[in-house]
Amino acid sequence: MCNTAAFCGKKEMYMANYPDWVMAHKKKGTYINFANGKYYLYAAHSERVPGTKKVRRVSDGYIGRITQENGLIPAREKVTGEVCVYECGLCMTILDTCNTVATSFRREFRGAADFILVSSILWETSGKCDNETFEGSYLSVKYPAVNIGKVPTDKQKTGIERGRRMISDMMSKRFGEDLPEARERLSKIYMVKVNGQFYKSKMPDGTTEWLKIHAIRLEE
């Protein structure tokens with residue numbers, strides 16, 4: 001499949017013979033390539049050939065294949081680099097529920113407030129606070145500057161324990177007897193980073209409706 005082609009003011013060869021169901025997908029800035037009995041859609045732009053009056057088409061990448069049955073079938077995005085998975089549902093719900101805790105920590109601990117808050121959440125949700133647990137949590141994306149591996153001072157240890165108790169109390173008040181189910185469902189909601197973009201994982205059965213019932217919004 002050719003990536004560049006000279007225009008010279010002419011239409012694509014055989015374009016008039018392309019079926020309507022193919023042409024329905026041709027928009028400005030795209031072109032269709034027919035090869036081996038199949039139709040392919042590409043993005044493109046035009047460039048003048050240096051030193052001439054001719055214009056050539058330059059492909060900007062493959063968009064997908066067009067079929068009569070399924071319309072445009074988008075090209076699969078190639079995965080480059082690491083795929084990172086973060087627990088998101090529980091920690092983000094805690095941040096939403098316990099925003100007053102974060103506010104009080106900022107007043108009391110100033111520059112160490114995020115460290116105290118993140119440590120409190122990890123102890124409450126995971127029963128431990130180390131680099132591995134932190135890196136597996138969406139908290140590491142929200143608070144990238146936190147050095148979770150540092151040794152807290154005695155005052156900070158007291159703040160972390162107090163924060164853990166406050167979080168536990170506020171979550172209990174919000175969910176009541178549904179708290180065990182809340183922990184179970186929310187801990188299975190993940191954020192996945194692929195090719196530099198974040199995507200929310202598929203919700204477990206019934207969780208989408210459950211989130212609506214409890215007025216939980218996990219959007220950024």
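Which residue lies over the face of Phe-115? Lys-150 does, at 4.5 Å from the ring centre. The notes below cover this and other features of the structure, which is a predicted model.

1. **Charges over rings.** Besides Lys-150 over Phe-115, there is an arginine to look at. Arg-57 lies over the face of Tyr-31. Its distance from the ring centre is 3.7 Å. Tyr-31 returns in the next point.

2. **A stacked pair.** The structure holds eleven aromatic pairs. One of them joins Tyr-31 and Tyr-42. Their centres are 5.3 Å apart and their planes differ by 15 degrees, and the pair is stacked. This pair links distant parts of the chain. Tyr-31 sits in strand E2, residues 30–35. Tyr-42 sits in strand E3, residues 38–48. Eleven residues separate the two along the chain. Tyr-31 has a relative accessible area of 1%, so it is buried. Tyr-42 has 7%, so it too counts as buried.

3. **A tilted pair.** Now take the rings of Tyr-40 and Tyr-62. Their centres are 6.1 Å apart and their planes stand at 55 degrees, so the pair is tilted. Again, distant parts of the chain are linked. Tyr-40 belongs to strand E3, and Tyr-62 to strand E4, residues 55–67. They are 22 residues apart. Tyr-40 is buried, with a relative accessible area of 12%. Tyr-62 is partly exposed, at 39%.

4. **An aromatic cluster.** Ring pairs also tie several residues together. The cluster consists of Tyr-18, Trp-21, Phe-34 and Tyr-39.

5. **H2 against H4.** Two packed helices are described by the angle between their axes and the distance between the axes. Helix H2 covers residues 89–97, and helix H4 covers residues 113–126. They pack at an angle of about 125 degrees, with axes 11 Å apart. H2 is therefore oblique to H4. Their crossing is right-handed. On the H2 side, Leu-90, Cys-91, Ile-94 and Leu-95 make the contacts. They meet Leu-117, Ile-121 and Thr-125 in H4.

6. **How covered is H2?** Mostly: eight of its nine residues are buried. These are Gly-89, Leu-90, Cys-91, Met-92, Thr-93, Ile-94, Leu-95 and Thr-97. Several elements cover them. Among them are strand E6 (84–87), helix H3 (99–109) and H4. Helix H6 (139–142), helix H7 (154–175) and helix H8 (179–186) are also included.

7. **Thr-93 inside H2.** Thr-93 is placed in helix H2. Is Thr-93 buried or exposed? Its relative accessibility is 2%, so Thr-93 counts as buried. Leaving aside neighbours within four places in sequence, Thr-93 is in contact with Arg-174, Phe-175, Leu-186, Ile-216 and Leu-218.

8. **H7 against H8.** The axes of these two helices come within 9 Å. They cross at roughly 105 degrees. H7 is therefore roughly perpendicular to H8. Met-171, Ser-172 and Phe-175 in H7 meet Leu-179, Ala-182 and Leu-186 in H8. Two of these names appeared in the previous point: Phe-175 and Leu-186 are also in contact with Thr-93.

9. **Positive phi values.** Most residues other than glycine have a negative phi. Two residues deserve a look here. Arg-110 has a phi near 50 degrees, a positive value in a residue other than glycine. Arg-110 is found in the loop between H3 and H4. With a relative accessible area of 67%, Arg-110 is exposed. Ala-215 has a positive phi near 55 degrees, and is not glycine either. Ala-215 lies in the segment after helix H9 (207–213). At 58% relative accessibility, Ala-215 counts as exposed.

10. **Tyr-190 in its strand.** Tyr-190 is found in strand E7, residues 190–194. Its relative accessibility is 33%, so Tyr-190 counts as partly exposed. Which residues does Tyr-190 touch, not counting those up to four places away in sequence? They are Val-85, Tyr-86, Glu-87, Cys-88, Tyr-199, Lys-200 and Ser-201. Tyr-138 is 52 residues from Tyr-190 along the chain, yet their C-alpha atoms are separated by 8.3 Å.

Conventions:
Residues numbered from 1 in each chain as written. Predicted model: local features only at pLDDT ≥ 70, side-chain atom pairs only at ≥ 80, totals over all residues. Heavy atoms only, no water. Phe/Tyr/Trp six-rings, centres within 6.5 Å; stacked < 30°, edge-to-face > 60°. Helix = DSSP H or I, 4+ residues; strand = E, 2+ residues; numbered from the N terminus. Buried < 20%, exposed > 50% of the residue type's maximum accessible area, 1.4 Å probe, protein only. Lys NZ or Arg CZ within 6 Å of the ring centre and 35° of its normal. Axes fitted to C-alpha atoms, helices over the stretch in contact; angles between N-to-C directions. Parallel < 35°, antiparallel > 145°, perpendicular 65-115°, else oblique. Left-handed = near helix turned anticlockwise from the far one by under 90°. Contact = heavy atoms within 4.5 Å.
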